[in-house]
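Please load the model in your viewer and keep the selection panel at hand. The stops below are given in the order in which they are best selected.

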Amino acid sequence: MDKLPVKMMDPTLAEMGNHLSDAMKILESGKLESEQGKERRKLSWKDIPGPLQGDGQDVVSILQLVQNLMHGDDDKQGHRRMQYVGEQGHMALLGHSLAAYISVLERERLRKLTTRILSDTTLWLCRLFRYENGSAYYHEDDREGCSQHPVIYQSAACRPGLGQHLCSQLGLPLSCLCIVPCNTMFGSLHQMDVALLDKLIKDDRESGKAPLLLIANAGTPGAGHTDKLGRLKELCVQYNMWLHVEGVNLATLALGQVSSTVTAATKCDSMTLTPGPWLGLPAVPAVTLYRHEDPALSLAAGLTSSQPVEKLRALPLWLSLQYLGHDGIVQRIKHASQLSQQLLEHLKTLASIKTSVEDELNSPVVVFRFSQDNSAPSSGGSVEGYYAGERDILDALNRWLGEQLAQQVPLSGVDVVELEDEGTCVRFSPLMTAAALGTQENDVAALVEKLGEMIPVLCCTLRFRQDFKDEVLQQASLSYIEDQSWPGLGAVRYEPRTTDLEEDKRQHRVEKINSDLLKKLMELDTDLYFSSGPEFCEEKNCIFIGMATEDLDVAELVETIVSFGRDIEESGKLFENMTEVVRKGIQEAELQLQKANEEKLMEEGVLRQIPVVGSVLNWFSPVQASVKGRTFNLAEGCLDSTEPVYSIKAQMIKEASLDSPKSATKRFPGQKLFRRHGAASDSISDTSSVSQLEESFRETTHVQASDADEAEVPQERHVHIVEETVLSDQRVPEGEETESVDTLR
């Protein structure tokens with residue numbers, strides 16, 4: 001916002017505007033304080049809250065503090081995403097500053113000014129949204145604005161908590177709230193059932209109750225559908241009830257062409273508008289327009305206030321509407337509607353995407369969902385035709401789809417919504433997000449492009465889930481974990497083959513094996529994502545596999561999991577028995593070495609053991625003794641001769657020179673694990689993992705595993721202990737014959 005002109009009637013207003021402009025520049029500049037400043041701030045914030053400084057601070061220092069509080073963790077988060085505050089937003093913020101300044105005026109001037117502000121704003125809104133001869137109530141909470149009782153009827157598709165809030169505000173018990181179900185046979189599944197409402201009203205009247213208020217929707221919070229407002233108005237006139245309407249579709253009343261279903265809202269008794277999100281205005285109040293002939297009753301109901309300060313709530317909106325002008329307001333609402341139509345047109349061309357749109361020609365809210373072509377309902381239908389469990393699987397996949405789209409295209413403003421009939425869907429409501437985020441046509445195009453990349457991944461994952469389950473069930477050492485809320489291939493658990501352990505020890509072994517198995521799988525060079533599952537998953541000690549691509553080799557994936565699990569299990573058994581095996585091996589080695597010494601004594605004779613005599617005998621008649629070796633088998637815990645080992649090894653070397661070496665599964669250059677050669681899925685590899693979009697990079701290591709090579713060497717691990725008897729012309733001194741035993745220990 002540019003500097004305000006100095007020539008103004010009140011110099012304070014010019015100074016206030018300039019200060020606001022400077023403050024916004026500081027807060028939006030993104031320039032954080034230096035490292036030294038950060039260190040000082042950390043030291044000064046050790047005890048929060050800290051004492052108030054006695055000498056005070058200047059405006060720049062205070063604004064710097066506010067900026068640090070707003071963006072202090074940006075270096076940890078890596079980015080920051082704030083609402084876009086345009087020029088019209090600055091006017092709204094200026095309105096809050098002016099409200100505080102105006103409130104100190106003398107009473108008569110304050111009354112005249114607030115009356116003008118309220119009159120102008122109410123007139124503009126009534127004409128803009130086609131609500132003739134209406135009054136306005138400005139409130140911070142958009143759930144306020146209705147003050148009728150004692151029986152309140154609302155649609156089952158209304159915002160959660162709206163009826164409870166009204167009962168709380170009016171001091172009524174929740175028994176005064178009546179939820180009217182939506183259509184089940186005819187019409188939209190998100191519209192109030194008018195015939196059932198008529199029956200409920202009649203039953204309440206016959207039981208002595210007084211139906212007074214009906215809350216209808218012009219754009220349900222979930223799917224953006226509009227109730228049959230014309231028929232509901234007839235019922236309210238018949239039973240002398242008050243009809244209140246709310247919803248995002250009310251914004252389209254400002255356009256030149258409006259659907260007849262939304263136009264009927266102009267005949268209701270009251271309706272709530274939320275111009276803040278529609279126009280991108282921060283901290284402006286919601287407005288309830290209503291019609292009532294007696295101003296005294298409005299004052300008694302709390303819809304108007306005699307306090308001038310409370311009337312200043314409309315000041316930020318008054319300034320913003322003047323800044324935008326009629327054309328600017330209409331242009332923003334029209335732009336949001338065009339974005340919805342642009343997305344809807346592209347969604348019609350995508351396979352496996354089903355939409356839930358009330359009016360394809362004029363709907364500001366687009367709700368879509370991934371679904372199988374062969375069993376997906378038509379546009380706006382329910383999912384009752386799915387087999388048991390399929391809806392939960394599709395809900396998980398659509399939840400993943402919405403989260404990934406929101407992450408990859410944040411300016412689109414899409415979010416995930418849970419609908420009672422359709423299930424989990426992705427919602428695009430630009431009227432509520434586009435003005436704040438600055439959404440443009442290229443953002444919608446990027447959204448469609450990413451969606452097109454993710455659809456093959458979703459289809460492949462849904463198709464391979466059953467194949468993965470069948471492969472796992474064929475493996476005795478794997479257990480398939482049925483978790484339909486997981487967006488991916490599925491989950492498995494490696495079960496050790498040992499059954500003679502106690503339950504606690506067995507659970508500990510299962511946990512250890514699956515933990516090591518998960519780490520080993522995560523180190524593989526593959527597009528698949530492996531994890532321990534959601535944070536609050538009921539199943540423990542499991543391995544969850546993420547989204548799949550078209551070239552996935554499910555059989556190889558399962559075989560690799562089994563192979564790795566078996567290796568880890570055998571290694572675990574080896575280490576668990578290592579202590580006992582080594583102890584027994586040492587004892588056996590001592591006995592055999594002692595026996596070898598005795599045999600040596602018997603072979604050489606007693607004379608050779610005498611120091612001088614033995615040297616002479618060894619000089620004239622040397623003893624021809626061969627080297628005797630021992631092999632220590634850790635798996636069996638026993639000592640064997642090394643002669644069979646050396647002979648087998650020599651034979652294997654000879655055979656290896658004659659035969660060509662075997663290799664593992666042949667892979668082509670650049671081909672990753674678990675991929676079938678020739679499948680064209682490289683174009684979607686960037687979306688083949690659940691968390692690949694959340695991680696900028698992943699450390700990978702190539703694991704070389706060749707079963708053929710393992711078959712060419714003995715399976716037992718050996719520790720060779722070689723006992724050597726060296727011939728010499730000198731007698732071995734006493735005590736040295738046991739040196740080999742000590743060395744072994």
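The tour begins with confidence, then visits a sheet, a helix that packs on it, and a separate helix.

**Before selecting**

This is a predicted model, in which local features need pLDDT of at least 70, side-chain atom pairs count only at pLDDT 80 or more, and totals for chains, interfaces and linings use all residues. Residues are numbered from 1 along each chain as its sequence is written, and side-chain values use heavy atoms, with hydrogens and water left out.

**Stop 1: colour by confidence**

Colour the chain by pLDDT, the predictor's confidence in each residue, from 0 to 100. The mean for the protein chain is 75, and 65% of its residues reach 70 or more. Select residues 680-745 next: pLDDT stays under 50 there, and the model has 127 contacts for this stretch beyond four places in sequence, a contact being heavy atoms within 4.5 Å. Residues 3-8 also stay under 50, with 10 such contacts.

**Stop 2: the sheet**

Helices (H or I, at least four residues) and strands (E, at least two) are DSSP runs, numbered from the N terminus. Two strands pair if DSSP finds at least two bridges between them. Select strands 8, 9, 11 and 10, which in that order form an open sheet of 4 strands with antiparallel pairing. Its edges are strand 8 (353-355) and strand 10 (415-419), each of which pairs on one side only. From one strand to the next, the twist averages 40°.

Now isolate strand 9. What share of strand 9 is buried? The count is 5 of the 5 residues, so the strand is largely enclosed by the rest of the structure; buried means under 20% relative accessible area, exposed over 50%, and partly exposed in between (1.4 Å probe, protein chains only). Val366, Phe368 and Phe370 lie on one side, while Val367 and Arg369 lie on the other.

Strand 9 (residues 366-370) pairs with strand 11 (residues 423-428) over 3 antiparallel bridges. Phenylalanine 368 has valine 426 as its bridge partner, and valine 366 has phenylalanine 428. Strand 8 also pairs with strand 9 in the antiparallel sense over 3 bridges; here lysine 354 is partnered by arginine 369.

**Stop 3: helix 17 and threonine 461**

Add helix 17 (residues 441-473), which packs on the sheet and touches strand 8, strand 9 and strand 11. Its direction makes about 25° with that of strand 9; axes are lines fitted to C-alpha atoms, for helices over the stretch in contact, and angles run from 0 to 180 degrees between N-to-C directions.

Within helix 17, select threonine 461. This residue is buried, with a relative accessible area of 0%. Beyond four places in sequence, threonine 461 touches Leu397, Gly488, Leu489, Met547 and Ala548. A polar atom of its side chain lies 2.9 Å from the backbone nitrogen of alanine 548.

**Stop 4: helix 9**

Move to helix 9 (residues 229-238), and show the buried residues Leu229, Leu232, Leu235 and Cys236. They cover an arc of only 115° around the axis, which puts them on the same side of helix 9; the arc is that of the directions from the helix axis to the C-beta atoms. Their cover includes helix 8 (194-206), strand 4 (211-217), strand 5 (242-246) and helix 10 (260-263). Rotate to the face turned away from the buried side, where Glu234, Val237 and Gln238 are exposed. Finish at asparagine 240, which follows helix 9 and has a positive phi, near 55°.

Notes. A polar contact is a pair of N or O atoms within 3.5 Å; within protein, one must be able to donate a hydrogen and the other to accept it, and residues adjacent in sequence count only if both atoms are side-chain atoms.
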